[in-house]
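Hi everyone, thanks for coming. Today I'd like to walk you through one protein chain, step by step. Please have a look at it on the screen.

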Amino acid sequence: MLPKNSSKLASPSPAAADGIVGTLVQYDDEGQVILGVVTGTKKEKLVIVNLRGRELELARNRLYLLPGKEPSGASSVSARTEALVGLSKQIETEASELNVAELWSFVHEEPRLFSVSELCKTYLGSETCVQHAGLRLALIRERMHFKRDKDAFEPRPANVVEELNKAEQAKARKKALR
């Protein structure tokens, strides 16, 4: 019999680890959203390879699991890195093409937290990995229309968006005068 606080009780079973290996993830690092893939588990952390080719051990609560798996055949660090760089470019393109203000206009009258999945299905009608990750990235970057609460987003009231917009315009005018 194992003691109550034994690490063997807390560590995930190999079967549980198999389900998460290959899952695409995003995590925040110094204000940037980094893409990675889970390659294994180590004690209570997940081992990931990020798009920079670095292998990291991060706590599960630092990772945002995306609805997708890594491309098959990418088993080496260099192959994974190459696949992640390509996927990251697609996500960046998707994020730059999304209109967060338009999405806000669909949901702003319902003041509650929305998951990225809900917003993706509402706005885009479907949810691929690139769409999901791109929308999440666009929502994180654009702070005027939605307030972030961990992994969910709440539409700001119309009067707050108007005030933030005025403040942004005033800031732009001051910058132009300099």
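I'll start with the overall picture, then go to the sheet, and then to some side chains.

One thing to keep in mind from the start: this is a predicted model. The chain has 178 residues, and 35% of them count as buried. Along the chain there are seven helices and eight strands. What about contacts between residues at least 6 apart in sequence: what share of them joins residues at least 24 apart? In this chain, that share is 54%.

Now to the sheet. Five strands make an open sheet, and if you read across, the order is E4-E3-E2-E1-E5, with antiparallel pairing. Why is one side of E4 and of E5 left without a neighbour in the sheet? E4, residues 55-59, and E5 stand at the edges and have a single partner strand each, so one side of each has no neighbour there. On average, neighbouring strands in this sheet are turned by 45° against each other, ignoring direction.

Let's zoom in on one pairing. Strand E2, residues 32-42, runs antiparallel to strand E3, residues 45-50, and six bridges connect them. As an example of a bridge, Gly 36 has Asn 50 in E3 as its partner. Packed on this sheet you'll find helix H3, residues 77-97, which touches E1 (23-29), E2 and E3. The direction of H3 makes about 145° with that of E2.

Ser 88 is a nice residue to click on here, as it belongs to helix H3. Is Ser 88 buried or exposed? Its relative accessibility is 16%, and the cut-off for buried is under 20%, so Ser 88 counts as buried. Beyond the residues up to four places away in sequence, Ser 88 touches Leu 35 and Leu 51.

Back to the edge strand E5, residues 64-69, where we find Gly 68. With a relative accessible area of 21%, Gly 68 is partly exposed. Which residues does Gly 68 contact, if we skip neighbours within four places in sequence? They are Gly 22, Thr 23, Leu 24 and Cys 129. Gly 68 and Thr 128 are 60 residues apart along the chain, yet 7.7 Å separates their C-alpha atoms.

Since Cys 129 came up, a word on cysteines. Cys 129 is buried at 14% relative accessibility, and Cys 120 is buried at 0%. As for disulfides, the structure holds zero.

Next, the aromatic rings. To describe a pair of rings, we give the distance of the centres and the angle of the planes. A search of the whole structure finds one aromatic pair. That pair is Phe 106 with Tyr 123, and it is tilted, with 5.9 Å from centre to centre and 50° between the planes. Phe 106 sits in helix H4 (residues 100-107) and Tyr 123 in helix H5 (residues 116-124), so the pair links parts of the chain that are 17 residues apart. Phe 106 is exposed, at 51% relative accessible area, while Tyr 123 counts as buried, at 19%.

Finally, two arginines. Arg 112 has its charged end over the ring of Phe 114, 4.0 Å from the ring's centre. Arg 136 lies over the face of Tyr 64, also with 4.0 Å to the ring centre.

That's my tour, and I'm happy to take questions.

Notes:
Residues are numbered from 1 along each chain as its sequence is written. This is a predicted model: local features need pLDDT of at least 70, side-chain atom pairs count only at pLDDT 80 or more; totals for chains, interfaces and linings use all residues. Side-chain values use heavy atoms; hydrogens and water are left out. A disulfide is a pair of cysteine sulfur atoms within 2.5 Å. Buried means under 20% relative accessible area, exposed over 50%, partly exposed in between (1.4 Å probe, protein chains only). Helices (H or I, at least four residues) and strands (E, at least two) are DSSP runs, numbered from the N terminus. Contact means heavy atoms within 4.5 Å. Two strands pair if DSSP finds at least two bridges between them. Axes are lines fitted to C-alpha atoms, for helices over the stretch in contact, and angles run from 0 to 180 degrees between N-to-C directions. Rings of Phe, Tyr and Trp (its six-membered ring) pair if their centres lie within 6.5 Å; planes under 30 degrees apart count as stacked, over 60 as edge-to-face and the rest as tilted. A charge sits over a ring if NZ of Lys or CZ of Arg is within 6 Å of the ring centre and within 35 degrees of the ring normal.
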